[in-house]
Amino acid sequence: MLWIVAMTIRESSRDIDGASPDAPRQWYLLQCKPRDCFRAQSNLDQQGLRTYLPVHTVKRKRARQIYFVREPLFPHYLFIHVPEECNWAAIRSTRGVARILNFNGYPIPVPAEIVYGLQHKCAELTGDEPAPMFTSGQKVVITEGCFKELEAIVQCSHGDERVVLLLKMLNREQRIELPADIISGC
C-alpha cells in the first residue's frame, strides 16, 4: 500500500512533458515539416511545452497588392525548452514535427545564450520591445578580459551595450561596468 502512495506522489510531481518540474531544462532544435512551423509550435504549446519560433516581417506582393507577413527566420526549424529525460517520442510524433536534431541518436542541446540572443534580435526586427538580455540579480560569468571566468551578479543594464556587475573581490563587492557581449549567463 505504501508503494502505491509513493508512486502516486511521484507521478503527481511530474510535469506535462514527463520529467520532474525541478529537472534542469535545455533548449533543443526541432526540424519541422515544410510550411508547418506554426502548426508544430501550436501543437507543442497545447501540450504544455515551451517553444520559440524566431519570426520576422516580410513584405509580399500579390495581385498588385502589397502586404506584410510574419515568416520564420529559419524555415523548418523550431526551438523547444525541455529536460533531457523528457518523452522524446511524444515530441517527435507531434503533428508538424519532422525530427529532433541529434548526433548519434542523442538530441543536441543549443546554448541558452544563442536562443536569448535570437529572441532579443527578433524582437528588434519585428518592432516589439525586446526583453533585456540580463536581469537584475542574475548570476553571470565574464568570458573575456582580465576578469575572465569570474562569476558576478548583474546589478543593472545600460541599454543593450553595457552591464553593471557586482563582483566579489578583496572580500568586498566591487561595482564594474562591462560590455554585454563579453558576459554569459550561468
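Which residues touch the most other members in the largest nonpolar core? In this predicted model, they are Leu 30, Leu 44, Leu 78, Ile 80, Val 82, Trp 88 and Ile 91, out of 17 residues in that core. Several elements build this core together, and each one in the table supplies at least two of its residues.

| Element | Residues |
|---|---|
| β1 | 25-32 |
| α2 | 37-46 |
| β5 | 77-83 |
| α3 | 88-92 |
| β6 | 97-100 |

There is also a second, separate core of 13 residues, with Ala 152, Val 154, Val 163 and Ala 180 among them.

Now let's look at the helix α2. Its buried residues are Cys 37, Ala 40, Gln 41, Asn 43 and Leu 44. Seen down the axis of α2, these buried residues fall within an arc of 165°, so they line one face of the helix. A general rule helps here: an α-helix has 3.6 residues a turn, so residues three or four places apart point the same way. What covers the buried residues of α2? The cover includes β1, β2 (50-52), β4 (65-72), β5, α3 and β6. Just after α2, Gly 48 has a positive phi of about 85°.

Finally, step back to the whole chain. It holds 4 helices and 14 strands, and 32% of its 186 residues count as buried. Among contacts with a separation of 6 or more, 54% join residues 24 or more positions apart. The chain exposes about 12500 Å², and carbon and sulfur atoms supply 54% of that area.

Terms used
Residues are numbered from 1 along each chain as its sequence is written. This is a predicted model: local features need pLDDT of at least 70, side-chain atom pairs count only at pLDDT 80 or more; totals for chains, interfaces and linings use all residues. Side-chain values use heavy atoms; hydrogens and water are left out. Buried means under 20% relative accessible area, exposed over 50%, partly exposed in between (1.4 Å probe, protein chains only). Contact means heavy atoms within 4.5 Å. Accessible areas come from the Shrake-Rupley method with a 1.4 Å probe; for residues, only the protein chains shown count as cover. A nonpolar core is a set of buried Ala, Val, Leu, Ile, Met, Phe, Trp, Tyr and Cys residues joined through side-chain atoms within 4.5 Å. The arc is that of the directions from the helix axis to the C-beta atoms.
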